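Work through the following exercises with the sequence and the coordinates side by side, and settle each task before reading its solution.

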Amino acid sequence: HRRENDEYWEAHKGSPKAFISAEDAAAMWSNRYGVATAVRFPGGEGAQAKAAAALRANFDPASVGLQFRDVRSFALEGNSASDFGGLFLGLSFFLVAAALILMGLLFVFSVEQRAVEVGTLLAVGFTGRQVRNLLLAEGAALAVLGAVLGAAAGLGYTRAMVHGLSSQWVGAIGGQDVIRYHHEPATLALGTAIAIAVAVFTIWLTVRRLRRARAVELLAAGAGQALAGGTTASGRQSCFIALGCLLGALGLGAAMAGAQGMAKAGGFFGAGSLLLIGGLFLCRALLLRLGTAAGETLATLGALGIRGGARRRGRSLACVCLLACGIFMVIAVGAFRINPNENAGAPESGTGGFTHYAETDLAILHDLNKEDGRAPYPFEDYAQPLPAPIVQLRVREGDDASCLNLNQPREPRLLGVDPAQLKNRFTFAATLGGSPGWDLLNEDFGAGITPAVVDQNTGMWALHVKLGDTLDYPTESGGTIKLKIVGMLAFSMLQGDVIISESSLVRHFPSNSGYRAFLLDRPADGNATATLAMLNDGLQNHGLDPIPATERLARFSQVQNTYITIFQALGGLSLLLGSLGLGVVVLRNVLERRSELAVMQAVGFRKAALRWLVCTEHGLLLLLGLAVGVAAALLAVWPSLNTPGAQMPWTSLGWMLTAVLASGLLWTWLAATVALRGHLLPALRNE
């Protein structure tokens, strides 16, 4: 009736054709955007001023979606999503422990080597306490020097890490060169003072027994005294302590099951420490058993070497602990390394089986999977179906809550999806009540509560929420909804967003029109080129920006893998200390036993046989260190490995353990070769 409308307009202009009741108008034309398109105020004198005053007094800008945030102040506050300082401190604990053990070993060797000097001081009138304090002062001076040098080296290491994160590893911080090096002098001084105090305490532990030392024994025996043999009761006590540590680690793991972020990391470090301590007590029980074994077990030279590991239990356990700390760090951290391309095409993987993730600048108002949905857009042939279906997501803009954002998100971005379209896609690390994941988005949890799904890393490190927690989220009408976390995805390309049902997003954000995020399914031939070409053609005016799903997943994994690399560097330092400690122990033990080895050579043993004896004895320590470190690491990360989507890099870890074993055996062989170099027969004069 276009002609009639034109005639009415020419005759009456904008006058209404009819007046109907507000109830009838709402019934016929109301939609999610509201029930009215205009508001008229009664006229009269001063009506405009009165209306303006009433609006200022009663109108809340938030009721129409206007919200004001002091973005600059929030940025200046420096609120980061997660403070990784605690992780560095926790992992550095094992490195510091290894360094202190090695320092204690070296200081003990120094004291034992000067046994005659100590005996002389005691013989001429010095008390045991005075001698102990003299050595303690000497060690404290070295500790101060070492702490100062260590602080300088630590600053250099930190500078190198910061430079790497802002240059070579810039992908780990979202591709932004925003990290600058900074340190607080007070923190540096406090750390140095703590290091000195711990070092001095360690030295005090090594020399405390000098109070009871006797000059005659030190002058007569020197450093050749072996440790006293243990008892069966001591072995049983060690086993009970090891069992208690295991139970304590299991209890701590159970208590931290629902923890997130740094609390969970603290539980991991605590459980790992208990497991290492328990493993060391098991080794102590084994060494006690070897030290009290019957003589018939020494039928071969190898058996004699194995039993020799119990000769100096303190040294042996220190060596085992050094190696175990390094192995624990490298394996426990390496277990969390992610390969984004592994099994990437599977529906349960981090890509959900999709080939691409895409976004548009302008919203798409229709379902592109249908012919009539493609018709409004300039497809070359809109009647031609897409080679593979796509999942369309509504987007409510907000803060990026992924690991690429270093700041604390306040209002994370929302994605609205039809849960049925993601059925059997991705893998849920946990769901509320163990129910099927995506179906939970349609569940009714009560008035004002909207079920939501997040990636596990997003919930743990950015939003700091766990399963069942709620997030208060402002709506565009000025109200607040509670987003209840009903599911957490294992590592996925949907990291950084909070996912709710499409119907919930439309209900709470009615002005949100159309779809701006898309998941492209995998065609039958596995090649998404045709789908991309068709979408680029039809959506050329909407700013389509596709990215391969594996590439998007790799951006997120790069962050985690970069930090893992940094942490593994700390583990490598600990392993280096362990290997060095093993070599020092081998060298010291052989030098102390040159007289014994000279006797064995005199009665017919060749140097090759003596070298085998030494390597067998200390190879046992190497194997024990590997066993304790591997077992403790696997038990500590077992809860994480047991979650869906977790994968252990067995191949790379296997090669690493082989390299550590080969390196340890090489150090042992070299130390034995150096110690046995030359003629041993002159040592018979001291026998």
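**Exercise 1.** Determine which residues are linked with Arg 3 in a network of salt bridges.

*Solution.* In this predicted model, the criterion to apply is a side-chain nitrogen of Lys or Arg within 4 Å of a carboxyl oxygen of Asp or Glu. The network that contains Arg 3 also takes in Glu 4 and Glu 7. Counted by this rule, the salt bridges come to 10.

**Exercise 2.** Find the salt-bridge partner of Arg 425, and state where the two residues lie and whether each is buried or exposed.

*Solution.* Begin with the contact: Arg 425 is bridged to Asp 521, with 2.6 Å between the closest N and O atoms. Next, locate the partners: Arg 425 belongs to the loop between strand 3 (413-417) and strand 4 (428-431), whereas Asp 521 belongs to the loop between strand 9 and helix 17 (529-538), so the pair ties together parts that are 96 residues apart in sequence. Finally, consider accessibility, for which buried means under 20% relative accessible area. Arg 425 has a value of 14% and is therefore buried, and Asp 521, at 16%, counts as buried too.

**Exercise 3.** Describe the salt bridge between Arg 555 and Glu 551, including the placement of the two residues in helix 18.

*Solution.* The two side chains meet at 3.5 Å, N to O. Both residues sit in helix 18 (residues 549-592), and because they are 4 residues apart, about one helical turn separates them. Arg 555 is partly exposed at a relative accessible area of 42%, and Glu 551 is likewise partly exposed at 39%.

**Exercise 4.** Establish which strands are joined to strand 9, and how many of the residues of strand 9 are buried.

*Solution.* Take the pairings in turn. Strand 1 (residues 356-364) runs antiparallel to strand 9 and is joined to it by 5 bridges, with His 356 standing opposite Leu 520. Strand 2 is also antiparallel to strand 9, through 4 bridges, and here Gln 392 stands opposite Phe 518. As for burial, 6 of the 6 residues of strand 9 (residues 515-520) are buried, so the strand is largely enclosed by the rest of the structure.

**Exercise 5.** Identify the residues that form a negative surface patch with Asp 381, and place Asp 381 in the secondary structure.

*Solution.* The patch consists of Glu 371, Asp 372, Glu 380 and Asp 381. Asp 381 lies in the loop between helix 14 (371-374) and strand 2 (390-396), and its relative accessible area of 39% makes it partly exposed.

Technical notes. Residues numbered from 1 in each chain as written. Predicted model: local features only at pLDDT ≥ 70, side-chain atom pairs only at ≥ 80, totals over all residues. Heavy atoms only, no water. Patch = residues over 30% accessible without salt bridge, like charges linked within 9 Å, V, L, I, M, F, W, Y side chains within 5 Å. Areas by Shrake-Rupley, 256 points an atom, 1.4 Å probe, with all protein chains shown as cover. Lys, Arg positive; Asp, Glu negative; His and termini not counted. Charge placed at Lys NZ, Arg CZ, Asp CG, Glu CD. Buried < 20%, exposed > 50% of the residue type's maximum accessible area, 1.4 Å probe, protein only. Pairing = 2+ DSSP bridges.
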